[in-house]
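Subject: Structure handover

Hi,

Here is the structure I promised to pass on to you. Please open it alongside this email and follow along.

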Amino acid sequence: MSDVTVVPTDRRVFIDKQSPQAYKALLAAAEAAREAAAEAGLDRRLIELVNLRVSQINGCAYCLHVHTRAAIREGETTQRLGVLPAWRDTEVFSDRERAVLGLAEATTAPADAALQDAAYALAREVLSDEEISAAVWVAITINSFNRVSILSKHPVRPAPGR
């Protein structure tokens, strides 16, 4: 017999609603990261690719739903969205985009020192210090949002008419 109590999914606490001040602080951090990215010259489409790649790794359905729509609004193509999980095996991403995606993955798996070293080596070849910092901050904030949505089990419902 286990001492673990399983709470039904419908009883999950939406921690963003339960602790709105903490969530507002996370929103402010994300806005600051987006501003740093814009100031460093990282466009919103690339930021959405980071949001998507990190959310894919973490398995956050809600964030994938939100950021797929945002990426499409920013002009991202279905080809690039479709191959994003295998970005290293394609020719559709620029060296700069590859560097940012590598940093995003290294930020998402911080215990993987080899991944970090490889990501930083590529980033150093094509990105400025400001771009590296901004890319890492964007990845940090989407990782945080992933955890909020995954642990709260934010729902993704079918789109109307589907």
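Below is what I found in it, one topic at a time. Please keep in mind that this is a predicted model.

Helix H6

Let me begin with helix H6, which covers residues 95–108. Its 14 residues should span 20 Å at 1.5 Å a residue, and the C-alpha atoms at its ends are indeed 20 Å apart, so expectation and model agree. Is this helix enclosed or open to the outside? Because 12 of its 14 residues are buried, H6 is largely enclosed by the rest of the structure. The buried set includes the charged-type names Glu-97, Arg-98 and Glu-105 as well as Val-100, Leu-101 and Leu-103. As for partners, the buried residues of H6 pack against helix H3 (44–58), helix H5 (78–83), helix H7 (113–126) and H8.

The nonpolar core

Two of those H6 residues turn up again here. The largest nonpolar core has 38 residues, and the members that touch the most others are Leu-42, Leu-49, Val-50, Val-100, Leu-103 and Leu-127. H2, H3, H4, H6, H7 and H8 each give two or more residues to this core, with the largest share, 9 residues, coming from H8.

Leu-49 is worth a click. Setting aside neighbours within four places in sequence, Leu-49 is in contact with Glu-76, Arg-80, Leu-81, Leu-84, Phe-93 and Leu-101.

Thr-68

Leu-81 also appears among the contacts of Thr-68, a residue of helix H4 (residues 61–73). Not counting residues up to four places away in sequence, Thr-68 touches Leu-52 and Leu-81. Thr-68 and Leu-52 are 16 residues apart in sequence, while their C-alpha atoms are 6.8 Å apart in space. With a relative accessible area of 30%, Thr-68 is partly exposed.

An aromatic pair

How many aromatic pairs are there? The count comes to 1. Its rings belong to Tyr-23 and Phe-145: their centres are 5.9 Å apart and their planes stand at 85°, so the pair is edge-to-face, given that angles over 60 degrees fall in that class. The pair links distant parts of the chain, since Tyr-23 sits in helix H2 (residues 20–40) and Phe-145 in helix H8 (residues 129–152), 122 residues apart. Phe-145 is buried at 13% relative accessible area, whereas Tyr-23 counts as partly exposed at 25%.

Happy browsing, and all the best!

Definitions and conventions:
Residues are numbered from 1 along each chain as its sequence is written. This is a predicted model: local features need pLDDT of at least 70, side-chain atom pairs count only at pLDDT 80 or more; totals for chains, interfaces and linings use all residues. Side-chain values use heavy atoms; hydrogens and water are left out. Rings of Phe, Tyr and Trp (its six-membered ring) pair if their centres lie within 6.5 Å; planes under 30 degrees apart count as stacked, over 60 as edge-to-face and the rest as tilted. Helices (H or I, at least four residues) and strands (E, at least two) are DSSP runs, numbered from the N terminus. Buried means under 20% relative accessible area, exposed over 50%, partly exposed in between (1.4 Å probe, protein chains only). The expected span of a helix is 1.5 Å times one less than its number of residues. Contact means heavy atoms within 4.5 Å. A nonpolar core is a set of buried Ala, Val, Leu, Ile, Met, Phe, Trp, Tyr and Cys residues joined through side-chain atoms within 4.5 Å.
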